[in-house]
Structures are given as structure tokens and as C-alpha cells.
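Subject: Structure for you to look at

Hi,

Here is the structure I promised to pass on. Have a scroll through it first, then read my notes underneath.

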Amino acid sequence: MGILGILVCSAFSLGEHTTVERGTQFPVLLRTAIGTATATLGATLQFQTTEGVLIGNGIVIPRGARVLGTVEEVQSASSLARAVLRVSLHRLEWDGGSTALNAIVIGVEPSDADDNPFWRHLHRAIRGRPTMLEHISVRSHITPAPFVDFESARGDFILRSGVRLVLLQIDPERAPSMFAKSPILEVRSSPK
């Protein structure tokens with residue numbers, strides 16, 4: 001019984017002191033729809049991991065873990081400006097633990113429609129692979145408090161539940177070499 005108690009206590013302390021190693025990449029799915037016309041500062045966005053993630057020290061976060069983000073800035077479209085939704089991705093939670101994140105978006109994945117052979121063929125023939133972010137630019141800012149801007153010059157937009165992104169845990173004090181020339185990573189440009 002004493003050994004079991006030690007193992008249980010160790011598991012709980014691992015959850016509290018776990019950190020995601022710099023350079024860890026993982027795919028997520030947006031679970032909370034949010035739009036520039038109605039979003040408020042401080043609103044929470046919830047994503048979930050779409051596969052298990054090795055975060056370091058032999059710890060694997062299960063598929064379906066929650067990634068939490070916060071709306072840091074909202075700018076509704078006007079005749080003079082683009083619509084902007086600024087988000088920070090700061091927390092990873094799973095059953096039995098949680099840890100801080102310092103993540104940016106490094107990729108946009110195709111939507112569920114691309115999993116269906118009929119829709120995949122139709123979308124590729126007409127306009128390429130659908131991502132649910134058509135006409136929305138994604139820019140990750142590598143700073144001591146990193147954030148991601150979703151922007152559109154076509155007016156207000158909604159980030160719909162189901163958007164698939166790839167996140168990267170960074171150390172803003174020692175940015176990866178791929179970001180050395182610019183603190184802004186242009187993830188995806190709006191189609192013309």
C-alpha cells in the first residue's frame with residue numbers, strides 16, 4: 001500500500017510540475033467558435049489535441065487534451081482597417097494534470113471535408129485543399145509573450161469550430177533559428 005501511495009503522489013506532482021519541451025509540435029482542433037464581430041477581450045478559446053503528444057520526460061499527453069487560449073485583442077472590420085483577432089495560447093490540460101504553454105501556430109491543416117474522398121477531389125479541382133481559413137491570414141508573433149493574429153481584409157470573420165492548426169512550443173528568449181530573421185511567422189496568406 002505504501003508503494004502505491006508513493007506512485008499516486010508522484011503522478012500528481014508530475015502533472016503539477018510538467019513542462020512542455022521547447023520545439024514540441026502538436027496538432028489541435030478548435031472547439032470554440034469565435035468571431036471578430038462578437039468576441040470580447042479575455043474570452044477563452046478551447047482547442048483539443050488530435051493525437052497523443054510526447055511533451056518530454058517520457059510524459060505523453062492523451063488525444064483530446066485541452067489547449068486554452070485567450071483573446072488578447074479584437075478589431076472589428078471597418079472601411080479603414082482589417083478585422084483582427086489576437087489570441088495567446090497559454091495552457092495545456094488533461095485528466096490528471098496541466099501545464100503552462102508558450103505556443104504559436106506554425107501550420108494550418110485541411111478541414112474534415114478533406115477526409116472524404118468525394119469532397120477532397122471536388123475541393124482540389126476547384127480551389128485546393130479546404131482549411132476553413134480561406135481569406136484569413138495567420139501570423140505568429142515570437143515575443144516574450146507570444147501571440148497569434150488571425151486577420152482578414154474582407155471584413156469580419158468567424159473562426160469556426162473544427163479549424164485545424166499545428167502548434168509549436170517556443171522559448172521566446174531563445175527563438176528557433178527559423179525565426180531568427182523575423183519575430184513574425186507568416187503561417188498562411190489570404191488567397192487573392
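Below is what I found, starting with the whole chain and then going on to the salt bridges.

Keep in mind that this is a predicted model.

**The chain as a whole**

The protein chain has two helices and 13 strands. It runs to 192 residues, and 41% of them are buried. What about contacts between residues at least 6 apart in sequence? Of those, 64% join residues at least 24 apart. As for the outside, the accessible surface comes to about 10500 Å², and carbon and sulfur atoms account for 55% of that.

**The salt bridges**

How many salt bridges does the count come to? The answer is six. Here are some that you can look up in the viewer.

Try Arg 86 and Glu 73 to begin with. Their side chains meet in a salt bridge, with 3.1 Å from N to O. Arg 86 sits in strand 7 (residues 83-94) and Glu 73 in strand 6 (residues 66-75), so to speak of distant parts of the chain here is to speak of a pair 13 residues apart. Is Glu 73 buried or exposed? Neither, in fact: Glu 73 counts as partly exposed because its relative accessibility is 28%, and the partly exposed class lies between 20% and 50%.

Next, look at Arg 82 and Glu 151. They form a salt bridge too, and their closest N and O atoms are 3.1 Å apart. This pair links distant parts of the chain: Arg 82 is in the loop between strand 6 and strand 7, Glu 151 is in strand 10 (residues 147-152), and 69 residues separate them. The two partners fall into separate classes of exposure: Arg 82 counts as partly exposed because its relative accessibility is 30%, while Glu 151 counts as buried because its value is 12%, and buried means under 20%.

Then there is Arg 139 with Glu 186. Their side chains meet in a salt bridge at 2.7 Å, N to O. Again the pair links distant parts of the chain, with Arg 139 in strand 9 (residues 137-141) and Glu 186 in strand 13 (residues 184-188), 47 residues apart. At 35% relative accessibility, Glu 186 is another residue that counts as partly exposed.

Which residues end up in one network? Arg 82, Arg 139, Glu 151 and Glu 186 do, joined by salt bridges that share partners.

Cheers

How values were computed. Residues are numbered from 1 along each chain as its sequence is written. This is a predicted model: local features need pLDDT of at least 70, side-chain atom pairs count only at pLDDT 80 or more; totals for chains, interfaces and linings use all residues. Side-chain values use heavy atoms; hydrogens and water are left out. Helices (H or I, at least four residues) and strands (E, at least two) are DSSP runs, numbered from the N terminus. Buried means under 20% relative accessible area, exposed over 50%, partly exposed in between (1.4 Å probe, protein chains only). Contact means heavy atoms within 4.5 Å. Accessible areas come from the Shrake-Rupley method with a 1.4 Å probe; for residues, only the protein chains shown count as cover. A salt bridge is a side-chain nitrogen of Lys or Arg within 4 Å of a carboxyl oxygen of Asp or Glu.
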